[in-house]
Amino acid sequence: MGRQLKFKIFRFNPQNPESVPRMEVFSLDETDSMTLFIALNRIREEQDGSLQFEFCCRAGICGSCAMVINGRPGLACHTKTKDLPDEITLTPLPVFELVGDLSVDTGSWFREMYNKVESWVHTDKVFDPTAIEDPMDNAIAEEIYELDRCVECGSCVAACGTARLRDDFMGATALNRLGRFVIDPRDKRTDAEYFEVIGSDEGIFGCMGLLACEDVCPKNLPLMNQLSYLRRKMGVVALKQIFKK
Amino acid sequence: MQTIYKDVLIIGAGLAGERAAAEAAGAGLSAVCLSIVPARRSHSAAAMGGMQAALGNSVMGEGDNTDVHFADTVKGSDWGCDQEVARLFADTAPIEMRRLCDWGVPWNRVVPGKSKYFKGGKQFDKEEKEEKRGLITARNFGGTAKWRTCYVSDGTGHSVLYTMDNRCAQLGVEVHDKSEAIALIQDGKTCYGAIARSLRTGELIAYVAKATMVATGGFGKIYKASTNAVICDGGVHGAVLDTGVVPLGNMEAVQFHPTGIVPTDILVTEGCRGDGGTLLDVNEERFMHIYEPDKAELASRDVVARWMTHHMRLGKGVPSPYGEHLWLDIRHLGEKHITGKLREVYEICTSFLGVDPVTQLIPVRPTQHYSMGGVRTNKDGAAYGLKGLFSAGEAACWDMHGFNRLGGNSLAETVVAGGIVGAKIVEFLKDYECNIPTAEITKTAAKQQQRIDDMISGKNGNENVYKVREAMQNALDKGAHVFRTEEGLTECVETLQDVLRRARSVGLQTDGYGASPELSAALKIEGQVKLALCVAYGALQRRESRGSHNREDYPARNDRDWLTRTLAYWKNPDDDLPTLEYEDASPSFEMPPGDRGYGKMQIISADSKEES
Ligand SMILES: Cc1cc2nc3c(=O)[nH]c(=O)nc-3n(C[C@H](O)[C@H](O)[C@H](O)COP(=O)(O)OP(=O)(O)OC[C@H]3O[C@@H](n4cnc5c(N)ncnc54)[C@H](O)[C@@H]3O)c2cc1C
Ligand code: SF4
Ligand code: FES
């Protein structure tokens, strides 16, 4: 291989009074099958032990390692250096609060999101340990899982024009989450109740339709489909409410 | 320093921790989970294959019941498990799967009618029954008599963990993520909580609680080649050893998974073999059926990993720049199956290897995967040695896995044990009051602050933590792997003792401000090396082969002398070896030790004790 890679990495440690936001350059010899996970760990272990970034599963499953890679949000563990030019610029995801360097606080953001959309099955059913499970059509189960696959990496939020403009926009991932419950027969919420949650500019009507979310989603979730499906459905609810008044 | 008081402190927000938290919160107690990462990123999310419960809905699971599941589990453990616990587990698993169903897990369901499946590279037909339509279905996994593994496509852990975290949010369980526990608050008799370090600001925070639970998952990252997430590093196990009074059980029982991919050691699920994938050698020929005519690729993991290593030693491995490996072949399952039910496998192969599993072979080798050992508890999940301390999930040695865990039994264990231990904690707290010794809190926090200051100032030396860690990992990868010998283990122990000395003189190379990742690594390194020593020294002393513990110099399973569980204590902080004690593997034997039906080996019977 023999390429020498140049990494321009955003540095800032808000806990250190002397730290100022800046870009720092690191060089590394590229090796076979190198990913950004391998590269960043080598930089930390061999060149600067204070470099902050997030990895957990390092297998594209947990969603920890999203960052902006040469201008585009994506999962770092999933990104092979051979698919990138020899100059690689890494910056933290926007929208989320910065913890330090490439590390941001996605946990708090997503917790707020799922509390807002009440991301749990709403039902009066009391679990009976002696009863067998309620049957469900396998096709519906698979459909739910299709939307359940979001790993809360935050890439879509970071790529979203509206989310950058307004703090309260819940973004594609929230709508996708809610969509999962809309099709789940176990959830007894009505359309009107869903409308309460997302029928506003914070939700369904804030989207400017730029499609960036779906473009960057590492799980290839059908975010725009989901959005337009909900928008149609919620549109009907909105009309009904107008005529009731 | 901030001090946070709760009824229950749970260290870990994976499935075991959150299941227990849900139980506590459901009973009206205040519960907080600590986690290094947001709860949903816990390693439980990475489990793809599924979880075992004897529901018997699928036609291939017909006739299954909790007795069969119990028997499979005991055989899987090579009779090393606590049979009372295995019984409790098998009986509770179906209830927990159904509970998860009510909470929102989109389990795959029975679809009536004919379909095809693969076994040993050959195609067979099955017909699912109309009366089971829509009930939770199951797939095949290694070491089980029936198809018993419930699944959600290949995102079981993800889906179940998201559902569990939803449930916790609904019940108001707090999860403090980016919080890393570094020491337990205890006085040698009772546990009062833990000191955690904020991974946002670097501050120390005291969490004080009447009951504390360790649910921090496995510690595979003490090995270099491991399928585990980078946070599965045994930090809290080190803190538990540090108490001097709580033992870790069966640390030598380390599972190696047959299909870690080469070179990155990412796991491709056992579901590949369960769904009919085969293992091939350098000549692209199957070999598992030679060694295991009955079960072939679907023998238990310890057995498959052993034969793979054996076969490579015969010169049948595929040479590569990263060492020898074998091939996993799933091509015959077809594109639809691979990109559907095995989609994560497809993604892992294409994105990390540049291999398309629909048309190409996947390079695999046995890789560290699961820690059967852990915080030793009784069947209620109460840790030995300290009142008020509990443990569950992979972190614990509860001990239903003995010397080898079956695929699909761990994820099931997390929710079953989380539920049972959670309920036991609720019971324990009913009329339990304790006097919180505030001096103990201050003392523990001050000691941790001192460690931090010393590391920053380089008072004890300036060993580089990453180099020390690498030395530890290399020693284990070399000496305490699939096959073990007196010589290899002795060398491993000696190397690790040297590494321990170095670990004690680690100093930071950077400033240690805020969430400093170097400081995080430095704070746990001594404990990690102690864990590694528990593994290697325990393995050196256990002169027999059982489950995943294979001594080439003692190839027989020796029930006469070793139907025991190792308890490893670190009695004095300055010791350079653990103190080992032993207890009976099981208080009672519902199923007396016998042949597993796979992995044929010599057995020295327990009865020969009386004879000799
Ligand atoms: C790749 C892979 C695939 C697997 N597939 C399967 C499968 O298909 N079926 C199956 O049965 N099993 C499977 N397993 C095993 C199973 O996933 C794990 O054993 C199980 O998920 C462990 O769950 P847990 O709740 O005990 O811990 P985890 O889910 O690992 O959670 C640990 C928690 O502890 C926290 N933590 C750790 N250290 C600290 C600290 N110092 N301070 C604070 N918090 C801390 C973490 O942040 C995390 O929240 C698989 C394992 C791997 C590695
Ligand atoms: S929808 Fe896709 S991009 Fe957005 S958080 Fe989920 S996985 Fe990430
Ligand atoms: S580290 Fe888990 S997705 Fe990258």
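**Strand pairing in chain A and the ligand 1 site in chain B**

In this predicted model, strand 3 (residues 66–69) of chain A pairs with strand 5 of chain A in the antiparallel sense, over two bridges. Strand 5 of chain A is also joined to strand 1 (residues 4–11) of chain A; these two strands run parallel and are linked by four bridges. A:L90 in strand 5 of chain A has A:I69 opposite, and A:I9 likewise stands opposite A:L90.

Strand 5 of chain A spans residues 87–91 and has two faces. A:I88 and A:L90 make up the covered face, whereas A:E87, A:T89 and A:T91 make up the uncovered one. In a regular strand, side chains alternate between the two faces of the sheet.

Two loop residues of chain A have positive phi values without being glycine. The phi of A:N70 is near 45°, and A:N70 is placed in the loop between strand 3 and strand 4 (72–75) of chain A. A:N70 counts as partly exposed because its relative accessibility is 33%, which falls between the limits of 20% and 50%. For A:D101, phi is about 50°; A:D101 lies in the loop between strand 6 (97–100) and strand 7 (103–105) of chain A. A:D101 counts as buried because its relative accessibility is 3%, with the limit for burial being under 20%.

In chain B, a cis peptide bond with omega of about 10° joins B:V262 and B:P263. B:P263 is part of the loop between strand 12 (254–261) and helix 6 (271–274) of chain B.

Ligand 1 is surrounded by 39 residues, the closest being B:S42, B:H43, B:S44, B:E394 and B:S410. Polar contacts to oxygen atoms of ligand 1 include one at 2.5 Å from an N or O atom in the side chain of B:E394 and one at 2.6 Å from a polar side-chain atom of B:S410. A polar backbone atom of B:I36 is 3.0 Å from an oxygen atom of ligand 1. Of the 1,000 Å² of accessible area that ligand 1 has on its own, the protein covers 98%.

The shell around ligand 1 consists of 17 nonpolar, 19 polar and three charged residues. At least two residues of this shell are supplied by each of helix 1 (15–26), strand 8 (179–186), strand 15 (362–371) and helix 11 (409–430) of chain B. Helix 11 of chain B provides the largest share, four residues.

Conventions:
Residues numbered from 1 in each chain as written. Chains lettered and ligands numbered in written order. Predicted model: local features only at pLDDT ≥ 70, side-chain atom pairs only at ≥ 80, totals over all residues. Heavy atoms only, no water. Near = heavy atom within 4 Å. Polar contact = N/O pair within 3.5 Å; in protein donor to acceptor, adjacent residues only side chain to side chain. Areas by Shrake-Rupley, 256 points an atom, 1.4 Å probe, with all protein chains shown as cover. Nonpolar A, V, L, I, M, F, W, Y, C, P; charged D, E, K, R; others polar. Buried < 20%, exposed > 50% of the residue type's maximum accessible area, 1.4 Å probe, protein only. Pairing = 2+ DSSP bridges.
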